[in-house]
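Thanks for coming. I will go through one model today, rings to begin with and then the sheet.

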Amino acid sequence: MSNKEYVEIHADGACKGNPGPGGWGAWLAFDGKEKELCGGEALTTNNRMELTAVIRALEALKRSCKVKVFTDSVYVQKGITEWIHGWKMRNWRTSDKKPVKNDDLWRALDVLAQQHDVEWQWVKGHAGHAGNERADMLANRGVEEFMNGVNQ
């Protein structure tokens, strides 16, 4: 049995236009406590916001933890569990030798994920999954607050 704290992270991104103003949200649950995080950016993409949500959530952890990340983004889930290995072997190039999109965020996520024992779980978005619905609400709050001049 691991003595690491167990944390559930529900992360989501939102974009008003793609690209356009975007937001990210994460809900962390641990040891009977919870934490909400959200933020936004002026000109971004949905994929960047999906990645940013997970990055900000992992950055919020103060010590190495056993983490289960729930995401409705196949891009994030498959990217970090499958595709990243090839990208790194090919010096951050895709199989057709093009630069990996969002490699700055992928590199940051790779470093953070290695600091924890992470399980990546894909969930269907907008399907009533309570954690995903809450993360979606936070991501939309992030973009709205950003567009209204809050949290800039």
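This is a predicted model. Let me start with an aromatic cluster, a single one made up of Y75, W83, W87, W92 and W106. Across the structure there are four aromatic pairs. Take W87 and W92: their ring centres are 6.5 Å apart and their planes meet at 40°, so this pair is tilted. To be called stacked, the planes would have to be under 30 degrees apart, and to be called edge-to-face, over 60.

Are these two tryptophans buried or exposed? W87 has 9% relative accessibility and therefore counts as buried. W92, at 11%, is also buried. The cut-off for buried is under 20%.

Now the sheet. It is open and has five strands, in the order β3-β2-β1-β4-β5, with mixed pairing. At the edges sit β3, residues 33–44, and β5, residues 117–122, each of them pairing on one side only. From one strand to the next, the twist averages 20°.

Within that sheet, β1, residues 6–15, runs parallel to β4, residues 66–71, and six bridges join them. If you want one bridge to look at, E8 has K68 in β4 as its partner.

Which helices pack on the sheet? One is α2, residues 74–89, which touches β4 and β5. The direction of α2 makes about 140° with that of β5. Another is α4, residues 130–147, in contact with β1, β2 and β3. For α4, the angle to the direction of β3 is about 45°.

That is what I have; I am happy to go back to the rings or the sheet.

Conventions: Residues are numbered from 1 along each chain as its sequence is written. This is a predicted model: local features need pLDDT of at least 70, side-chain atom pairs count only at pLDDT 80 or more; totals for chains, interfaces and linings use all residues. Side-chain values use heavy atoms; hydrogens and water are left out. Rings of Phe, Tyr and Trp (its six-membered ring) pair if their centres lie within 6.5 Å; planes under 30 degrees apart count as stacked, over 60 as edge-to-face and the rest as tilted. Buried means under 20% relative accessible area, exposed over 50%, partly exposed in between (1.4 Å probe, protein chains only). Two strands pair if DSSP finds at least two bridges between them. Helices (H or I, at least four residues) and strands (E, at least two) are DSSP runs, numbered from the N terminus. Axes are lines fitted to C-alpha atoms, for helices over the stretch in contact, and angles run from 0 to 180 degrees between N-to-C directions. Contact means heavy atoms within 4.5 Å.
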